[in-house]
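User: Hey, I've got a protein model open and I'm a bit lost. Can we walk through it together?
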Amino acid sequence: IMSGSKPDILWSPHHPDRYVICDSELGLYRIGPACSAETKAGTLPLSVDTAATLLAINSDTPYMKCVAWYPKHEPECLLAVGQANGRVVLTSLGQSHNSKCKELMGKEFIPKHARQCNTLAWNPHDSNWLAAGLDKHRADFSVLIWDISRQSSPDASVAAEKIRLSAVDVDSGSVVTKPLYELGQNDACLSLCWLPRDQKLLLAGMHRNLAIFDLRNTSQKTFVNTKAIQGVTVDPHFHDRVASFFEGQVAIWDLRKFEKPVLTLTEQPKPLTKVAWCPTRTGLLATLTRDSNVIRLYDMQHTPTPIGDETEPTVIERSVRPCDSQLGSFAWHPSAQNRMVVVSAANRVMTDFTVFERISLAWSSSADLTWACGRHLYDCTEDGAGEGAESAIEKDIATKMRQRAQSRYGHDTTQVWRNHLLAGGDDAQLKSLWYDLFYILWRPELQGNKQALVYSGIKDIVKVSSGTAESRRCWSGSERPASALRYHSEERSLALRLCGWTSQAGGAGGGPEVDAEPFLLSLEQGREWQRAAAVALFNLDIRRAIQLLHKGATTDKGDLNLSVVAMALSGYTDERNSLWREMCSSLRSQLRNPYLLVMFAFLTSEPGSYDGVLYESSVAVRDRVAFACMFLNDTQLPRYIEKLTNELKEAGNLEGILLTGLTRDGVDLMESYVDRTGDVQTASFCMLRGSPGDVVKDSRVQGWIENYRHLLDAWRFWHKRAEFDIHRGKLDPSSKPLAQVPQQHLSDS
């Protein structure tokens with residue numbers, strides 16, 4: 001179908017490389033690869049890769065209003081042309097004619113009264129039937145179905161009259177004036193198409209309605225009143241779906257429920273000139289408006305629904321611009337995916353254009369990436385990382401949580417600290433977290449308020465600290481008193497135990513004696529020489545610190561620098577202006593290990609001013625907090641702990657659980673951690689250890705737990721999910737048990 005002032009394009013139904021431009025004349029083009037060396041005479045470039053060659057021109061049919069290409073392979077290049085006077089003429093484009101084609105060439109089908117022919121449509125099943133839609137003329141019919149195989153009209157007088165009225169001298173044997181069917185009396189037809197589901201059903205856009213004519217009973221028709229009567233076209237992939245338009249709005253119809261449109265697309269600011277379904281892509285509709293260089297695409301995503309369901313399909317709308325000039329028309333290629341040729345309105349420049357398919361990405365629960373583009377499905381696999389390097393997939397938190405779930409991470413309730421080993425043992429924050437939980441939870445000798453105080457973390461413990469005493473101790477193994485004041489109370493001793501510095505029995509009653517030897521032995525066993533030396537020094541045992549440094553220097557692959565540090569410590573003096581302090585300041589600038597740095601910072605600090613130790617971020621939080629509990633007074637300690645807690649909460653650092661405990665503050669910290677890492681697995685297991693009333697019922701905690709359960713289901717870890725539900729039920733009795741599927745008893749009847 002074409003406009004009187006703008007060109008249109010028709011692809012050949014049988015030759016994928018040929019199309020016709022319909023304007024004041026018919027031009028047949030063949031599309032092919034662009035010539036790389038030089039452009040041949042008469043070749044028109046369509047894109048970087050393609051060009052068109054003009055094969056034939058037909059100027060024998062003036063006053064064209066619409067054109068339709070014969071659907072069968074033979075006769076080749078047979079076209080029906082509708083004219084302004086209502087005549088339909090059969091013509092060709094200079095191809096070799098067989099006998100049948102020669103009989104049809106120039107054949108005319110003439111209505112009783114002259115009026116404009118608006119639309120033509122060949123029947124796809126019976127190719128001899130050609131439907132024509134005409135303007136209204138009094139009580140005459142506007143839909144005529146011609147049989148092109150019918151011979152000329154037997155009524156010679158009528159034929160002679162038609163020939164007399166014709167401006168062209170026509171052979172009387174090539175004129176047909178008697179249609180096979182006449183439909184749509186006293187009306188006008190603006191568009192029509194045959195319905196593929198039945199060869200005798202014709203859908204027509206009449207003056208005020210869409211009508212379905214059944215040629216088996218022409219006295220009846222099914223119709224719906226609507227203004228959207230132009231450009232009716234059937235979806236080639238869904239034969240019950242039809243599109244039509246009026247001015248700037250497209251209506252989508254379902255012929256099974258024809259009472260109203262199932263969908264009305266967004267109205268365009270300018271009138272539409274063409275709508276067309278993509279023949280190679282399901283549910284893709286292209287539209288063009290007047291004076292526009294943009295083709296708007298509507299991708300209709302359908303899910304099978306009952307006919308009575310009123311839910312509208314999801315429509316994804318986007319625009320493409322094939323060229324810069326205003327478009328006259330476009331046509332989808334019948335077989336090449338998403339390909340179309342467009343022609344400009346002004347200078348008839350043609351462009352070969354492929355609509356790039358939307359890319360739909362999908363992550364699988366096992367971190368595989370797949371995407372669909374058109375008819376192709378792509379799977380992304382990561383190239384192997386270098387030897388010893390960790391790939392991006394292995395670094396991904398989803399991969400880590402999946403591996404940890406398989407190792408029963410979080411389920412060790414006896415030796416809670418072992419859970420960090422089940423997570424791989426290589427994450428310092430997880431190690432700190434599970435040791436914190438171990439120290440918090442495993443305190444059977446504590447009763448009543450003390451147990452609740454442990455749950456609330458060191459931040460609350462130091463707030464209630466009372467009866468603090470101070471003492472000035474001598475360096476161990478020396479009669480020389482240390483310059484640093486030590487503070488001790490029952491609450492500070494409890495905090496030291498939560499930091500892991502003392503055993504359960506150590507420091508009982510809040511006395512000045514702190515037994516850190518078991519902790520030092522564990523650090524020695526783990527070959528953490530620098531940390532062990534620092535802890536020994538903070539406990540004023542400089543001889544033990546030197547011993548640990550020497551041992552670290554002499555073991556396999558030991559650090560010889562430790563011997564230098566040990567020698568420096570052995571010459572310690574508390575004189576402010578001594579050569580030792582000067583040499584230590586020089587040595588500190590060469591050290592990289594944070595524990596060695598804080599050892600010299602401690603020895604060279606003024607009493608009560610230990611910022612060099614307290615704010616060394618590379619030192620474990622538990623060690624800095626334990627140091628603060630020993631050397632800061634009752635004014636300094638809560639202030640420091642409050643500041644440190646806020647920093648750790650904001651950063652989502654799991655070491656801060658030691659300070660916040662399993663409280664609302666702990667949930668805030670864990671929220672920051674989850675926001676930063678996505679590790680809902682650790683968050684779920686950790687917070688299930690908190691007080692059911694205060695922590696577990698928090699909506700954030702419940703969200704983490706449910707998300708982790710969904711992850712286990714997505715990984716198809718059904719047994720792991722069941723284990724987690726049992727674990728959750730033990731720690732949170734208030735959680736509702738899952739509904740059980742009732743047993744079905746089958747009877748013999």
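**A chat about cores and strands**

User: Okay, which residues does Met670 touch, leaving aside its neighbours within four places in sequence?
Analyst: One thing up front: this is a predicted model. With those neighbours left out, Met670 is in contact with Leu654, Ile657, Ala683, Cys686, Met687 and Trp704.

User: And which residues have the most contacts inside the largest nonpolar core?
Analyst: Met670 is one of them, along with Phe538 and Phe602. That core has 106 residues.

User: Which helix gives the most to it?
Analyst: That's α15, residues 594-604, which puts in 9 residues. Another core lies apart from this one, with 19 residues, including Tyr70, Val88, Leu90 and Leu144.

User: Switching topic: is Thr61 buried or exposed?
Analyst: Thr61 has a relative accessible area of 4%, and buried means under 20%, so Thr61 counts as buried.

User: Where is Thr61, then?
Analyst: Thr61 sits in the loop between β5 (50-58) and β6 (64-69). Setting aside residues within four places of it in sequence, Thr61 is in contact with Leu26, Val81, Gln83, Val89 and Thr91.

User: Now sheets. What order do the strands of the open sheet come in?
Analyst: There are 4 strands, running β10-β11-β12-β14, with antiparallel pairing. At the edges are β10 (117-122) and β14 (181-185), each pairing on one side only. From one strand to the next, the twist averages 15 degrees.

User: How many bridges join β12 and β14?
Analyst: Strand β12 (residues 141-147) pairs with β14 over 4 bridges, in the antiparallel sense. If you want a spot to look at, Phe141 stands opposite Gln185 in β14.

Technical notes: Residues numbered from 1 in each chain as written. Predicted model: local features only at pLDDT ≥ 70, side-chain atom pairs only at ≥ 80, totals over all residues. Heavy atoms only, no water. Helix = DSSP H or I, 4+ residues; strand = E, 2+ residues; numbered from the N terminus. Buried < 20%, exposed > 50% of the residue type's maximum accessible area, 1.4 Å probe, protein only. Contact = heavy atoms within 4.5 Å. Core = buried A, V, L, I, M, F, W, Y, C linked by side-chain atoms within 4.5 Å. Pairing = 2+ DSSP bridges. Axes fitted to C-alpha atoms, helices over the stretch in contact; angles between N-to-C directions.
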